[in-house]
Each structure stands twice: as C-alpha cells, then as structure tokens.
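Please open the model in a viewer and keep the sequence panel visible. The stops below proceed from the whole chain to single residues.

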Amino acid sequence: MLATLRALWQADGTFPSGSFAFSYGIEGAIALCQDMKPEDFARLVGAVIRHRWASFDRIALLRAFRARGNLGVIFAVDRDVEASTLIEGLRSGSRRNGAAFVASHTRLGGELAARLRDAVRAGACCGHIAVMQGAIWSAVGLDEKLVQLTSGYTAASGLIAAAVRLGAIGGLQGQAILRDCLPLIEALAAEPVSDDTEMDSFLPFLDIASARHEQADLKLFAN
C-alpha cells in the first residue's frame, strides 16, 4: 500500500511540479476552435492520451524508469525527447516542468533528483518532464504499473485543469471528462512496451495550435 500512497502523492495536483503555468497546447487549441463544446474537448483529451501520452511520453517514462538511476541511459532518453519534440513551446514547457519537478524532489532530499538537477544546470541533459518522472519515480519506490498510471493521470488532469482555468469547461464537466479518461489510461498502460519501442506522436491539430500560440499577443499559459 505504501507504493500506492506514494503514487497518490505524486499525482496530487498540489505537488509543486511547475505544471501550473502550462496548458500543454490546450490554450492554443481553444483559441483555434472557440466554439469547442465539452464533448469536443473530451475527444481532444482522449486523442492526447492515445496519440501523445501513450505512444511518446509513456515510452520515455518507462525507458528512464528502467534505467534505475543510470545517468548515461537517462540522458540518452532525454536527448531523444528533445530531438523528437518539434514545437518550441512544448519543448521548452517540458524542460521547465522537468526542472521544477527535480528541484522539488531535490529539496525533499532526493539524491538522484539532486544529481539530475545538477546535470540539467550543467547542460548535460535538458530535463524533460516524462524522463525526469520516470527516473525519480524509480527511486521513490513505484513499480512500472503505478508509474504509468500516475503519469497518465497527471497528463489528463493537467489538460483538464488548464481548460477549467481558461473557462472552456466547468469544474464538474472537467471531473466527468477525467473520470471517463481513467479506463482509457488503464487500458493503454496495460499495453506492453519493449526496451526497443520507439517514441512516436501524431497530433497535427494540437501542434498547429501550439505553434500559433507562441505568436499570440495575450496568453494565460506559457504554452
């Protein structure tokens, strides 16, 4: 039960991970489709979970988790994420979230987190959030199943929290969408990932929206 409690701790929205300033491209998507209805947003969240989180972030997360603190392997995964994230806003947001995440765990006394923080500061790695989560959660004591469920939950809840803050959906509508995402996250987390599985992501609408958001004169979120 302790591992489950630790997963709940890491999935808690009050944990200072730095994600409060990021919409994961949702602000740009809402600006592109201003008449977006709750059911449209629910489909968008499902698409992000299927075609970004499950096939890209989850792969990076597991590769870093399986490194078990081997910095060389973690840095290699991090470089792959950097090279594969084409939109600057999403790339910089991932790096900044990762830096905030390792900084919080360092202040909580995490030895591996401190090594990763120093590596990010020295430029040895970029510190993308999925990679930092996988690496640090292996040291926290989560297993592969809990790591994936925690990551998937935080991805979905982050998207929904951003939409609520933007006024695109109400709080209860967001909770309904999050509830309906849980079986999808569970099913996707059950799909096997081999050590040579490649990361891939295909969300052209969200990439276009994120690129447009970078040029916006007025915005609430950094990406």
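The tour begins with the whole chain and then visits four residues in turn.

The structure is a predicted model, in which local features need pLDDT of at least 70 and side-chain atom pairs count only at pLDDT 80 or more, while totals for chains, interfaces and linings use all residues. Residues are numbered from 1 along each chain as its sequence is written, and side-chain values use heavy atoms, with hydrogens and water left out.

**Whole chain**

Select the protein chain and display it as a cartoon. It contains 10 helices and 0 strands; helices (H or I, at least four residues) and strands (E, at least two) are DSSP runs, numbered from the N terminus. The C-alpha atoms fill a box of roughly 45 × 40 × 35 Å along the principal axes. The radius of gyration of the protein chain is 16 Å, which agrees with the value near 17 Å for a compact globule of 223 residues; the radius is taken over C-alpha atoms, and the globule rule is 2.2 Å times the number of residues to the power 0.38.

Next, colour by accessibility. Of the 223 residues, 48% count as buried, where buried means under 20% relative accessible area, exposed over 50%, and partly exposed in between (1.4 Å probe, protein chains only). Among contacts (heavy atoms within 4.5 Å) between residues at least 6 apart in sequence, 82% join residues at least 24 apart.

**Asp-195**

Select Asp-195, in the loop between α9 (171-189) and α10 (204-214). Is Asp-195 buried or exposed? Asp-195 counts as exposed because its relative accessibility is 66%. Now add Arg-66: a polar contact of 3.0 Å joins the side chains of Asp-195 and Arg-66. A polar contact is a pair of N or O atoms within 3.5 Å; within protein, one must be able to donate a hydrogen and the other to accept it, and residues adjacent in sequence count only if both atoms are side-chain atoms. Then add Arg-63, which lies 132 residues from Asp-195 in sequence but 7.0 Å away in space, C-alpha to C-alpha.

**Arg-68**

Move to Arg-68, in the loop between α3 (38-66) and α4 (71-84). Arg-68 is exposed, with a relative accessible area of 55%. Inspect the backbone here: phi of Arg-68 is near 50°, a positive value in a residue other than glycine. Most residues other than glycine have a negative phi.

**Ala-99**

Select Ala-99 in helix α5 (residues 88-107). Its relative accessibility is 32%, so Ala-99 counts as partly exposed. Display Arg-117 as well; Ala-99 and Arg-117 are 18 residues apart in sequence and 6.9 Å apart in space, C-alpha to C-alpha.

**Leu-149**

Finally, go to Leu-149 in helix α8 (residues 144-165). Leu-149 is partly exposed, with a relative accessible area of 28%. Which residues does Leu-149 contact, leaving aside its neighbours within four places in sequence? They are Ile-185, Glu-186 and Ala-189. Select Arg-212 to end the tour: the C-alpha atoms of Leu-149 and Arg-212, 63 residues apart along the chain, are separated by 31 Å.
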